[in-house]
Amino acid sequence: MTFWGGGRACIGFKFSQLEMKVVLAELLAAFSFEEAGKPIAWNIGEAIYPTIGQCSTRPEFPMKVTALKPASFTETTG
Ligand code: HEM
C-alpha cells in the first residue's frame, strides 16, 4: 500500500497503519487463515496486488477462513 512521500505525503500514514493493526489483531484472534492452494502471482501497480495466476487482472487472494473457538469457551471447558 502506498502513502507516497515528500512534502505532500499522507499525514494519516501511521494512524491508518495503527487502524489496520487493530483490525488484524481482532481478526487473527477470532479466525485462522490458510492459503486456498491457488497459484498466487504478485503484480506491480500503484500498489502491489495479488491475482490468481499471471493472466487475471482482478485483485484476489482466496483463503480458507475458519472461526476459532472463543477463549472463554476453551477456558471453561479445558
Ligand atoms: C489506507 C489508508 C490511506 C492511504 C492508502 C492513503 C494514501 C494517501 C496518498 C497516496 C496521499 C497523497 C500523497 C502525495 O500526494 O504524495 C494521501 C494524502 C493525504 N492523506 Fe492519506 N491515506 C490513507 C489514510 C489517511 C487518513 C486516515 C488520513 C487522516 C486521518 C489521511 C489524510 C491525508 C491528507 C490530509 C493528505 C494530504 C496531504 C497533503 O497534501 O499535504 N490519509 N494519502
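**View 1. Ala 29 of helix H1 and its distant partner in sequence, Lys 69.** Ala 29 is exposed in this predicted model, because 10 other C-beta atoms lie within 10 Å, and a residue with 12 or fewer such atoms is classed as exposed. This alanine belongs to helix H1. Although Ala 29 and Lys 69 are separated by 40 residues in sequence, their C-alpha atoms are 9.6 Å apart in space.

**View 2. Helix H1 along its length, residues 13-30.** The helix has 18 residues, which at 1.5 Å a residue should span 26 Å, and the C-alpha atoms at its two ends are indeed 26 Å apart, so the expected and computed spans agree. The number of buried residues among the 18 of H1 is zero, and the helix therefore lies largely in the open.

**View 3. Trp 4 and the surroundings of the ligand.** Trp 4 is found in the segment before H1, and its phi angle is near 55°, a positive value in a residue other than glycine. Trp 4 counts as exposed because it has 9 C-beta neighbours inside 10 Å. Twelve residues surround the ligand, and those that come nearest are Trp 4, Arg 8, Cys 10, Gly 12 and Ser 16. Sorted by class, the shell around the ligand consists of seven nonpolar residues, four polar residues and one charged residue.

**View 4. The hairpin formed by strands E2 and E3.** Strand E2, residues 40-43, pairs with strand E3, residues 49-52, in the antiparallel sense, and four bridges hold this pairing. Five residues make up the hairpin connection that leads from E2 to E3. Ile 40 has Ile 52 in E3 as its bridge partner, while Asn 43 stands opposite Tyr 49, also in E3.

**View 5. Strand E1 against strand E4.** Strand E1 and strand E4, the latter covering residues 63-67, run antiparallel and are joined by five bridges. One of the bridge pairs is formed by Phe 31 and its partner in E4, Ala 67. Strand E1, which comprises residues 31-35, is hardly covered, since the count of buried residues among its five residues is zero.

**View 6. The protein as a whole, for orientation.** The secondary structure comes to two helices and four strands, and from the N terminus on these elements follow the order α-β-β-β-β-α. Of the 78 residues of the protein, 0% count as buried, a class that would require 20 or more other C-beta atoms within 10 Å of a residue's own. Among the contacts between residues at least 6 apart in sequence, 43% join residues that are at least 24 apart.

Notes. Residues numbered from 1 in each chain as written. Predicted model: local features only at pLDDT ≥ 70, side-chain atom pairs only at ≥ 80, totals over all residues. Expected span 1.5 Å × (residues − 1). Near = placed C-beta within 6 Å. Nonpolar A, V, L, I, M, F, W, Y, C, P; charged D, E, K, R; others polar. Pairing = 2+ DSSP bridges. Contact = placed C-beta atoms within 7 Å.
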